[in-house]
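Dear colleague,

I am passing on to you the structure below, together with an account of what was found in it. Please read the notes beside the structure itself.

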Amino acid sequence: MAISIERLDKRDLRRLELFREIVEQGGISAATVSTGLSQPVLSSQLIELEKSLNLRLCERGRSGFDLTVEGQQVYDYANELDRLLTDFAFKLKGVSHKLTGHIRVGCLDNTVSLKSNPLPKAIEAFYQLSDGVELTLEVGDFTQLNDQLSKKQLDMMVVVLGEHQLNRFDHVTPLFSEKSFLYARNDKAQSIMEANYCLDGQRINMGGYAKEVMYQLLDLDRVKEAKLIDGWHVESGLMLTLAGTHLSFLPDHLIENNPNYAQLTALQPDKWVFESHFYLVSNSHSSRMSSVARAFQEILIK
C-alpha cells in the first residue's frame with residue numbers, strides 16, 4: 001500500500017520515535033516502562049501514525065506483537081531517520097555559538113519527584129547548546145500556567161490534560177504519565193480496611209480534571225453520607241490526608257520517594273488508581289517558533 005503523506009510534521013516524527021521504541025521493546029506493554037507513557041497513549045499514537053502513513057504497521061492482539069512487511073520497512077526508515085537526526089545534532093553543536101535567546105517554560109507543580117519527567121535532563125542539554133541561551137521555569141497549577149500561556153507569557157507548558165481537554169489546544173505532544181492512588185493515614189486506613197473498605201461518612205478530597213474518574217472509581221453513588229471536598233489539589237490533599245481527616249488521590253511518586261510520608265497507605269491499590277497523562281502544550285507550531293524555543297522543544301520530546 002502506498003504512503004499517501006507528502007510531508008511529516010512534528011507529531012509524526014514523535015510517533016515514529018515511539019514506534020521504534022515499541023518495536024525494540026517487543027510490544028506496547030513493554031514500551032510503557034522505557035517511554036514513561038501509558039499503554040492507551042502509546043496505542044493511540046501508533047494508531048495515529050498508521051492513519052498518517054495509510055499503512056498497517058503491526059499485528060497486535062492475543063497472539064502477540066508482530067511487524068507487517070510495511071511495518072518492517074517503516075521501522076528501517078525510522079532507524080535511518082534517527083541516524084540523520086543524530087548527525088544533525090552534532091552539526092548543531094558546531095554552530096551552537098550562533099544560538100541565542102530566552103525561552104519561558106511552565107511545568108505543573110509536584111512533579112519534581114517523578115523520575116520519568118524529562119525536564120531536568122532537557123534543561124541540562126539545552127544549556128549545553130550555547131552559552132547564549134537562557135530559560136525561565138515557571139511552576140504552578142494548570143489554571144495559572146494556562147493563563148500565562150494564553151497571554152504569551154510562556155512559550156510552552158508541561159501539564160496534565162484529560163481527554164476532554166485535548167481538543168482545546170492546537171499544538172500538543174504526549175510526554176509521560178503518572179499514577180495516583182487513594183491514600184489515607186495509616187490509622188484511618190486500618191479502620192477502613194477493617195470495615196471492608198467501606199467509605200460511608202468519609203471526607204474525600206477530590207476535584208480537578210479527574211473528578212469524574214475519581215467518582216466512578218470509588219462508586220460513590222453507593223457510598224452513604226460521603227463528604228466530598230471539591231477543589232482537589234495535590235499539596236492541599238497531602239496535608240489533609242496527613243492530618244488523618246481526609247482521603248485523597250495522590251501521585252505515588254510523591255509518597256514513595258519521601259520517607260516522611262511513610263505514615264500514608266494506599267487503599268486497594270489494584271482498584272482505586274488512575275493514570276494522568278502529561279503533555280507538552282506549545283503556543284505555536286514548531287515552524288513558527290523562535291530558533292531557541294524550537295531547539296528546546298526538540299530536546300524535550302526527544
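Of the 302 residues in the chain, 45% are buried. Please bear in mind that this is a predicted model, and that every value in this message was computed from it. The chain has eleven helices and eleven strands, and its C-alpha atoms fill a box of roughly 60 × 50 × 35 Å along the principal axes. Among the contacts with a separation of 6 or more, 71% are between residues 24 or more positions apart.

The annotated domain

An unreviewed UniProt entry carries the annotation "domain: HTH lysR-type" for residues 11–68. Over that range the chain is 66% helix and 14% strand, and the C-alpha atoms at the two ends are 22 Å apart.

Helix α2 covers residues 28–35, and its residues I28, A31 and T35 are buried. These three lie on the same side of α2, because they cover an arc of only 50 degrees around the axis. The buried residues of α2 pack against α1 (10–25), α3 (39–53), β1 (58–61) and β6 (172–185). Just after α2 comes G36, which takes a positive phi of about 75 degrees.

L67 belongs to strand β2, which spans residues 64–67. With a relative accessible area of 25%, L67 is partly exposed; the cut-off for a buried residue is under 20%. The C-alpha atoms of L67 and V23 are separated by 7.9 Å, although these positions lie 44 residues apart along the chain as a sequence separation. Apart from its neighbours within four places in sequence, L67 is in contact with F19, V23, L57, C58, Q72 and Y75.

S177 and its surroundings

Strand β6, already named as a packing partner of α2, contains S177. This residue is buried, with a relative accessible area of 8%. Two polar contacts of its side chain may be noted. A polar atom of the S177 side chain lies 3.3 Å from the backbone nitrogen of S38, and a polar contact of 3.0 Å joins the side chains of S177 and H277. When neighbours within four places in sequence are left aside, the residues in contact with S177 are G36, L37, S38, L114, S116, E275, S276 and H277. G36, the residue with the positive phi just after α2, is thus one of the residues that S177 contacts.

Strand β5 and its partners

Strand β5 (residues 156–160) is mostly covered, since five of its five residues are buried. In a regular strand the side chains alternate between the two faces of the sheet. In β5, M156, V158 and V160 point one way while M157 and V159 point the other way, and all are buried.

Which strands pair with β5, and in what sense? Strand β3 (residues 101–108) runs parallel to β5 and is joined to it by three bridges; here C107 has V158 as its bridge partner in β5. Strand β11 (residues 273–282) pairs with β5 in the antiparallel sense over five bridges, and Y279 in β11 is the bridge partner of V159.

Aromatic pairs

The count of aromatic pairs comes to five. F126 and F296 form an edge-to-face pair, with 5.3 Å from centre to centre and 85 degrees between the planes. This pair links distant parts of the chain: F126 is in helix α5 (residues 119–129) and F296 in helix α11 (residues 291–301), 170 residues apart. Both F126 and F296 are buried, and together with Y127 they form one aromatic cluster.

A buried loop residue

Finally, V223 is found in the loop between α8 (211–217) and β8 (227–229). Is V223 buried or exposed? V223 is buried, with a relative accessible area of 16%. The C-alpha atoms of V223 and C198 are separated by 7.7 Å, and the two residues are 25 apart along the chain. Not counting residues up to four places away in sequence, V223 touches L199, D200 and L218.

With kind regards

Terms used:
Residues are numbered from 1 along each chain as its sequence is written. This is a predicted model: local features need pLDDT of at least 70, side-chain atom pairs count only at pLDDT 80 or more; totals for chains, interfaces and linings use all residues. Side-chain values use heavy atoms; hydrogens and water are left out. UniProt positions are given in the numbering used here, feature names are shortened, and annotations may be inferred rather than shown by experiment. Helices (H or I, at least four residues) and strands (E, at least two) are DSSP runs, numbered from the N terminus. Rings of Phe, Tyr and Trp (its six-membered ring) pair if their centres lie within 6.5 Å; planes under 30 degrees apart count as stacked, over 60 as edge-to-face and the rest as tilted. Buried means under 20% relative accessible area, exposed over 50%, partly exposed in between (1.4 Å probe, protein chains only). Two strands pair if DSSP finds at least two bridges between them. The arc is that of the directions from the helix axis to the C-beta atoms. Contact means heavy atoms within 4.5 Å. A polar contact is a pair of N or O atoms within 3.5 Å; within protein, one must be able to donate a hydrogen and the other to accept it, and residues adjacent in sequence count only if both atoms are side-chain atoms.
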